[in-house]
Amino acid sequence: MRLTLTLSAALLAAQTALATPFSDSVLQHTEELRHHAMVSHQSWQILESLTTEVGPRLPGTDGDKRAVAWAKQTLNELGFDRVYAEPVTVPHWHRGHAKASITAPFPQPLVISALGNSIGTPTAGVEADVVAFADLQQLIDAPRADVEGKIVFIDNKMERYRDGRGYGPVVKARGKGAVEAARKGAVAMMLRSVGTDSHRFAHTGMMRYADGVTQIPAAALSNPDADQLARMLKRSQPVRVNLQLGSEDRGPQTSYNVIAEITGSHYPDEIVLIGAHLDSWDEGTGALDDGAGVAIVTAAAKHILERGKRPQRTIRVVLFAAEEVGLVGAKAYKAAHQQELDKFYIAAEADFGAGPIYRLDSRVNDSALPMMDQVATLLAPLGVARGGNTSWGGPDVSILPEAGVPVAGLALDGTDYFDFHHTADDTLDKVDPEALRQSTAVYTLYAWLMANAQQPLRPIPPVE
C-alpha cells in the first residue's frame with residue numbers, strides 16, 4: 001500500500017489549521033496509535049477466532065447463540081470497562097435443502113440457493129414452464145397472462161463498482177420479486193444471483209412477502225446457471241424447471257445486541273458508536289460479511305484501551321443482532337436507547353468486507369466540516385481521502401440520522417466484495433490480512449479523534 005503523506009506532515013497540517021478541535025496531546029497520541037495499530041494482529045486474531053470457533057451465525061440458530069456467547073466472552077477478555085447484552089426478538093428461518101433442475105427440453109441440474117424467508121415447496125417440488133424478465137420493472141409491467149402458472153426468472157446482472165453502487169438496482173428484485181410474480185399468478189420465482197462473480201455458487205439474501213399476496217417459493221441461481229437458462233430460453237422450445245426447497249419458518253427466538261464500552265474521562269454520557277453486525281448467512285462462515293467488521297471495530301477500540309490513554313467521550317462498540325434479516329437488532333437498539341440518542345456524538349459501522357478503507361464521508365453540520373477535513377488529513381497517511389457530507393453511516397446505523405445522530409462513513413474497498421457476498425465462499429481465506437490491518441488502523445484513529453474532538457456536530461443535514 002503506497003502512502004504519499006507522512007503522519008508527521010499530517011499532524012503539522014492539523015496543528016496549523018485555524019481553530020483546531022484537537023489538543024497537541026491528542027494529536028501526538030494519534031501518531032502513537034497509528035504505529036501501534038499498523039503492527040498489531042488483533043483484528044486478524046478476532047476474525048480467525050469468530051469464523052473458526054463459531055462459523056455460520058444465522059439469526060435464531062444455535063450458531064447465533066454461540067456467536068453471542070463468543071462475543072461476550074471475547075469482549076470481557078479484552079478488558080473493556082463494561083460488557084453487556086440486550087435482548088432482541090429475531091426470526092428463525094431454516095434453509096433446508098435446495099434443488100432445481102431443467103426437465104425439458106435439455107434436462108440438467110441447476111445450482112440454486114433458497115432466498116431468506118422463502119417458504120418451502122411440496123416434497124415433489126414445483127414444476128412449470130419458465131418466463132424470463134430483464135428486471136423487476138419488466139415483471140411489474142407484464143400482463144398476467146404471460147406469468148400465470150409459470151416460474152418467473154428475473155435475469156438482471158449486477159455491475160461491479162468499488163463502492164458497491166451496482167447492488168441497489170438489482171437487489172430490489174431479490175426483495176420484491178416473489179411478491180410481484182405472485183400478484184400475476186406465478187408458482188415460483190428465481191433470479192440471477194445478486195453478485196459480481198462467475199463462479200458456480202448462488203448468492204442468498206433476504207426476500208419478503210406481502211400481506212394478502214400468495215406466498216410462493218423463491219431462489220437464486222448461480223450466475224453461470226442463469227446464463228445457461230437464458231441461453232435455453234432463446235431457443236424455440238419452452239423451458240421447464242422443477243424447484244424443490246425445504247425452507248420453513250421456525251418461529252421467533254431471542255438473540256442479543258452485544259455491547260462493550262471504554263468509559264469517557266470527561267464526557268462519559270456522550271457516545272462515539274462504532275458498530276458491526278454479529279450475525280451472518282448460514283452457507284459460509286461470514287468472514288467478510290460481517291466478521292471482518294466485528295474484528296475491525298472491536299480491535300480498534302482495544303488498541304485505544306491498551307495504549308492506556310483514556311478518551312474524553314465513551315467509545316461504544318455495538319455488535320448488532322440480525323442485520324441480515326432486516327436490521328432487526330438495530331431497530332431494537334434504537335428503541336431501547338431512544339432517551340439517550342441526543343447524547344450520541346457520532347456513529348459509524350463497518351459492514352462491507354475487510355477493506356482497505358479509502359475515503360471518509362460524513363453527515364455533520366456545515367460548521368463541523370473543517371474538523372472532518374482535518375480528520376481526513378490525519379487519516380491520509382493510511383491512504384484515506386476526504387469524501388462528501390451525505391453519508392448514511394452503514395446499514396445498522398443508517399436509521400440513526402433520522403433521529404438527528406451524526407454519522408460517518410469509512411468507505412471500505414468493495415471491488416470484489418460481491419464476488420463472495422452471501423455465498424458459501426464467504427470464508428476466512430478471502431480476507432487480506434494487510435487490508436484488514438489498514439481498516440482497523442483507520443477505525444482506531446477515527447474513534448480516538450471523535451472521542452476527543454471539541455467541535456459540535458449537530459444539527460445534521462436532513463435525511464432525504
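User: In this predicted model, which residue forms a salt bridge with Asp-419?
Analyst: The closest N and O atoms of the pair are 3.0 Å apart, and the link joins distant parts of the chain, since Asp-419 lies in helix 12 while its partner sits in the loop between strand 6 (151-154) and helix 7 (167-183), 259 residues apart. Asp-419 is buried, with a relative accessible area of 12%, whereas the partner is partly exposed at 39%. The residue that pairs with Asp-419 is Arg-160.

User: How many residues apart in sequence are the parts that Arg-95 and Asp-282 tie together?
Analyst: Arg-95 and Asp-282 form a salt bridge whose closest N and O atoms are 2.8 Å apart. Arg-95 lies in the loop between strand 1 (82-94) and strand 2 (98-104), and Asp-282 in the loop between strand 11 (267-277) and helix 9 (287-306), so the parts tied together are separated in sequence by 187 residues.

User: Which side chain of opposite charge is nearest to Asp-426?
Analyst: Asp-426, in the loop between helix 12 (417-420) and helix 13 (433-452), is buried yet has no salt bridge. A polar atom of the Asp-426 side chain does lie 3.2 Å from the backbone nitrogen of Asp-289. The nearest side chain of opposite charge is 6.8 Å away, and a salt bridge requires a distance within 4 Å. That side chain belongs to Arg-57.

User: Is Lys-234 buried or exposed?
Analyst: Lys-234 lies in the loop between helix 8 (223-233) and strand 9 (240-245), and gathers with Lys-157, Arg-231 and Arg-235 in a surface patch of positive charge. Because its relative accessibility is 73%, Lys-234 counts as exposed.

Methods: Residues numbered from 1 in each chain as written. Predicted model: local features only at pLDDT ≥ 70, side-chain atom pairs only at ≥ 80, totals over all residues. Heavy atoms only, no water. Patch = residues over 30% accessible without salt bridge, like charges linked within 9 Å, V, L, I, M, F, W, Y side chains within 5 Å. Areas by Shrake-Rupley, 256 points an atom, 1.4 Å probe, with all protein chains shown as cover. Lys, Arg positive; Asp, Glu negative; His and termini not counted. Charge placed at Lys NZ, Arg CZ, Asp CG, Glu CD. Helix = DSSP H or I, 4+ residues; strand = E, 2+ residues; numbered from the N terminus. Buried < 20%, exposed > 50% of the residue type's maximum accessible area, 1.4 Å probe, protein only. Polar contact = N/O pair within 3.5 Å; in protein donor to acceptor, adjacent residues only side chain to side chain.
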